[in-house]
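This report walks through one protein model step by step, beginning with its strands and moving on to single residues. Please keep the sequence and the structure in view while reading.

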Amino acid sequence: MNATDRLSVLSGHLQNSAQLREIDITMSGGNVVPPLTTHVLDTARGIPGGGINMVLLIQTGNGEFREIERGTTTNDGRGGFLSSSSLQAGAVYKLFFDTDCYFKSIGVKGFYPYVEVVFRIEDPSQHYHVPLLLSPYGYSTYRGS
């Protein structure tokens, strides 16, 4: 196989991988990208945080949070919510990540048993991406694109 053939094969693999990533972030299947997505990266190991249980909650009028949906990150550390419904303008949401189970599954003692990321939706027509950068002794998050 010459260099041109190898490049063609590699290009095909990359295109297939990109298509799979788009499908992987949906919780309900199909090619629809949900309005809320996340991507967990295990920064200590330099790999995606796959198999992390997550819960999406919404704040009610009395200040408590009510569960909307559950999911688990894919092997690529991705997850998505609300494929069959939509975000509410002005609502406060919470993403709960079960980091304790994740760290136990890889044989690591983590300091944070869970991570909660609370955010407000202003424009429900936009896509919201809430990544989590995770290590056993720290985490950070931001509004992604």
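Two strands are said to pair if DSSP finds at least two bridges between them. With that rule in mind, look at strand E9 (residues 132-135) and strand E10 (residues 138-141), which run antiparallel and are joined by four bridges. Within this pair, Leu 134 has Tyr 139 of E10 as its bridge partner, and the two strands form a hairpin with two residues between them.

Before going further, note that this is a predicted model, and that its confidence varies along the chain. The average pLDDT of the protein is 85, and 78% of the residues score at least 70. Over residues 16-29, however, pLDDT stays under 50, and for this stretch the model has 25 contacts beyond four places in sequence.

**The four-stranded sheet**

In which order do the four strands of the open sheet lie? The order is E4-E3-E6-E7, and the pairing is antiparallel. Strand E4 (65-72) and strand E7 (115-120) are the edge strands, since each of them pairs on one side only. On average, neighbouring strands of this sheet are turned by 20 degrees against each other, with direction ignored. In general, the strands of a sheet pair through backbone hydrogen bonds, which may be either parallel or antiparallel in arrangement.

Strand E3 (residues 53-59) is joined to E4 by seven bridges, and the two run antiparallel. Leu 56 has Glu 69 as its bridge partner in E4, while Leu 57 stands opposite Glu 67 in E4. E3 and E4 also form a hairpin with five residues between the strands, in which Gly 63 takes a positive phi near 90 degrees. E3 is further joined to strand E6 (residues 92-97) by five bridges, again in an antiparallel manner, and here Met 54 has Phe 97 of E6 as its bridge partner.

Is E3 largely enclosed or exposed? Five of its seven residues are buried, so E3 is largely enclosed by the rest of the structure.

**Positions named in the UniProt record**

The unreviewed UniProt entry places the feature "binding site" at His 39, Arg 78 and Tyr 142. Of these positions, His 39 lies in strand E1 (residues 36-42), and Arg 78 lies in strand E5 (residues 78-81). His 39 counts as buried because its relative accessibility is 14%, which is under the 20% cut-off for that word. Arg 78 is likewise buried, with a relative accessible area of 18%.

Leaving out residues up to four places away in sequence, His 39 touches Asp 76, Gly 77, Arg 78, His 129, Val 130, Pro 131 and Leu 132. Arg 78, another position named in the record, is thus among the residues that His 39 touches. A polar atom of the His 39 side chain lies 2.9 Å from the backbone oxygen of Asp 76.

**Other residues to look at**

Asp 42 also has its place in strand E1, and the side chain of Asp 42 reaches the backbone nitrogen of Ala 44 at 3.2 Å. Beyond its neighbours within four places in sequence, Asp 42 is in contact with Ile 47, Pro 48, Gly 49, Tyr 102, Ile 106 and Leu 134.

Thr 99 lies in helix H2 (residues 99-105). With residues up to four places away in sequence not counted, Thr 99 touches Tyr 112, Pro 113, Tyr 114, Val 115 and Leu 134. Leu 134, the residue paired with Tyr 139 in the hairpin, is therefore listed among the contacts of Asp 42 and also among those of Thr 99.

Gly 51 lies in the loop between strand E2 (47-48) and E3. Which residues is Gly 51 in contact with, once its neighbours within four places in sequence are left aside? They are Thr 72, Thr 73 and Thr 74. Gly 51 and Tyr 102 are 51 residues apart in sequence, and in space their C-alpha atoms are 7.0 Å apart.

The table sets out the accessibility of these three residues.

| Residue | Relative accessible area | Class |
|---|---|---|
| Asp 42 | 2% | buried |
| Thr 99 | 0% | buried |
| Gly 51 | 42% | partly exposed |

Definitions and conventions: Residues are numbered from 1 along each chain as its sequence is written. This is a predicted model: local features need pLDDT of at least 70, side-chain atom pairs count only at pLDDT 80 or more; totals for chains, interfaces and linings use all residues. Side-chain values use heavy atoms; hydrogens and water are left out. Axes are lines fitted to C-alpha atoms, for helices over the stretch in contact, and angles run from 0 to 180 degrees between N-to-C directions. pLDDT is the predictor's confidence in each residue, from 0 to 100. Contact means heavy atoms within 4.5 Å. UniProt positions are given in the numbering used here, feature names are shortened, and annotations may be inferred rather than shown by experiment. Buried means under 20% relative accessible area, exposed over 50%, partly exposed in between (1.4 Å probe, protein chains only). A polar contact is a pair of N or O atoms within 3.5 Å; within protein, one must be able to donate a hydrogen and the other to accept it, and residues adjacent in sequence count only if both atoms are side-chain atoms.
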